[in-house]
Amino acid sequence: MIGKVLAGKAVVAKAVGGATIGTAIALGSMTSAFASDGQHITSTKASAHTEAATYTQAQAKAIALKNCGGMVKSVGFNDGVYTFLIHGKDSRNHHVKVNAQSGKVIQIQSAAFTKAQVQSIALKNCSGTIQSSSYANDVYTFLIHGKDNKDHHVKVNAKTGKVMKVEAVKFTQEQAKQAALQQHKGTVQSVSFSEQAYTFVIKGTDNIKHTVKISPQTGKVC
């Protein structure tokens with residue numbers, strides 16, 4: 001209940017049990033605490049964000065695998081939704097989306113073609129040996145070392161089975177590897193690729209792991 005205005009200020013009536021006065025004092029203390037401790041404010045926001053996801057990633061993963069058996073290859077989180085890429089027991093890839101609030105599966109997108117089928121399509125368009133492959137957005141990208149002794153990127157849509165792109169690159173993976181080792185001498189532990197770069201993880205002679213990206217078009221560090 002609001003009292004009369006005295007000397008230009010509103011007087012708040014005393015609530016039952018002094019709750020209003022107690023609340024005002026508590027709010028005043030909180031304001032001072034937050035004003036003097038910016039880190040506490042950040043921590044509070046982070047906690048609120050964490051609490052927004054009722055289901056943890058592990059719980060959501062279990063739910064996804066119940067709906068689509070297989071092996072989880074990757075996971076993403078955006079706008080309160082977990083997206084799992086699962087290589088299914090049917091040899092196809094599936095994107096399974098799980099709501100982090102309700103724990104419900106909201107979408108399952110499945111590739112129409114298996115990896116083996118897509119791989120066969122890629123090799124028909126570019127005869128050679130598959131060095132490695134990647135999968136994203138329903139598209140397989142194969143790195144094929146062709147009979148012409150060049151490396152090629154071949155993209156195949158896993159939903160339609162159509163070849164989207166065949167492109168020869170100027171520098172092979174082996175040439176890029178040698179360029180990477182010139183940057184850091186050691187042993188190559190893994191290699192991945194994209195149209196933009198070969199990415200090498202090297203355990204150096206200094207016993208430190210180094211990541212080196214080499215352009216397939218220029219052969220230079222990028």
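**Two open sheets, their helices and a salt-bridge network**

Good morning. The chain has 5 helices and 13 strands, where helices (H or I, at least four residues) and strands (E, at least two) are DSSP runs numbered from the N terminus. This is a predicted model, in which local features need pLDDT of at least 70 and side-chain atom pairs count only at pLDDT 80 or more, while totals for chains, interfaces and linings use all residues. Residues are numbered from 1 along each chain as its sequence is written, and side-chain values use heavy atoms, with hydrogens and water left out.

Of the 222 residues in the chain, 28% are buried; buried means under 20% relative accessible area, exposed means over 50%, and partly exposed lies in between (1.4 Å probe, protein chains only). Among the contacts in the chain with a separation of 6 or more, 30% come from residues 24 or more positions apart. Contact here means heavy atoms within 4.5 Å.

I turn now to the sheets. Strands of a sheet pair through backbone hydrogen bonds, either parallel or antiparallel. Here, two strands pair if DSSP finds at least two bridges between them.

One open sheet has 4 strands in the order E3-E4-E5-E6, with antiparallel pairing. Strand E3 (70–78) and strand E6 (105–110) are the edge strands, each with a single partner strand, so one side of each has no neighbour in the sheet. On average, neighbouring strands of this sheet are turned by 20 degrees against each other, direction ignored. For such angles, axes are lines fitted to C-alpha atoms, for helices over the stretch in contact, and angles run from 0 to 180 degrees between N-to-C directions. Within the sheet, E4 and strand E5 (residues 93–99) run antiparallel and are joined by 7 bridges. For example, Thr 83 has Lys 97 in E5 as its bridge partner. Helix H3 (residues 57–67) lies across E3, E4, E5 and E6, at about 45 degrees to E4.

Another open sheet of 4 strands follows the order E7-E8-E9-E10, again with antiparallel pairing. At its edges stand strand E7 (128–136) and E10, each with a single partner strand, so one side of each is left without a neighbour in the sheet. Its neighbouring strands are turned by 20 degrees against each other on average, direction ignored. E9 and E10 pair in the antiparallel sense over 6 bridges, and Asp 151 has Val 169 in E10 as its bridge partner. Helix H4 (residues 115–125) lies across E7, strand E8 (139–146), E9 and E10, running at about 45 degrees to E8.

Which elements do the buried residues of H5 pack against? They pack against E7, E8, E9, E11, E12 and strand E13 (209–214). These buried residues of helix H5 (residues 173–183) are Gln 173, Ala 176, Ala 179, Ala 180 and Leu 181.

Next, the charged side chains. Side chains of opposite charge can pair when their charged atoms come close. Counting a salt bridge as a side-chain nitrogen of Lys or Arg within 4 Å of a carboxyl oxygen of Asp or Glu, the total comes to 5 salt bridges. A network of salt bridges links Lys 155, Lys 165, Glu 167 and Glu 195.

Within that network, Glu 195 forms a salt bridge with Lys 155, their closest N and O atoms being 3.2 Å apart. This pair links distant parts of the chain, 40 residues apart: Glu 195 is in the loop between strand E11 (186–193) and strand E12 (198–204), and Lys 155 is in strand E9 (residues 151–157). Glu 195 also meets Lys 165 in a salt bridge (2.6 Å, N to O). Glu 195 lies in the loop between E11 and E12 and Lys 165 in strand E10 (residues 163–169), so this pair ties together parts that are 30 residues apart in sequence.

Are the members of these pairs buried or partly exposed? Lys 155 counts as buried, because its relative accessibility is 17%. Glu 195 counts as partly exposed at 26%, and Lys 165 is partly exposed at 33%.

A further salt bridge joins the side chains of Asp 90 and Arg 92 (3.0 Å, N to O). Asp 90 is partly exposed at 35% relative accessibility, and Arg 92 is partly exposed at 25%.

That concludes the presentation. Thank you.
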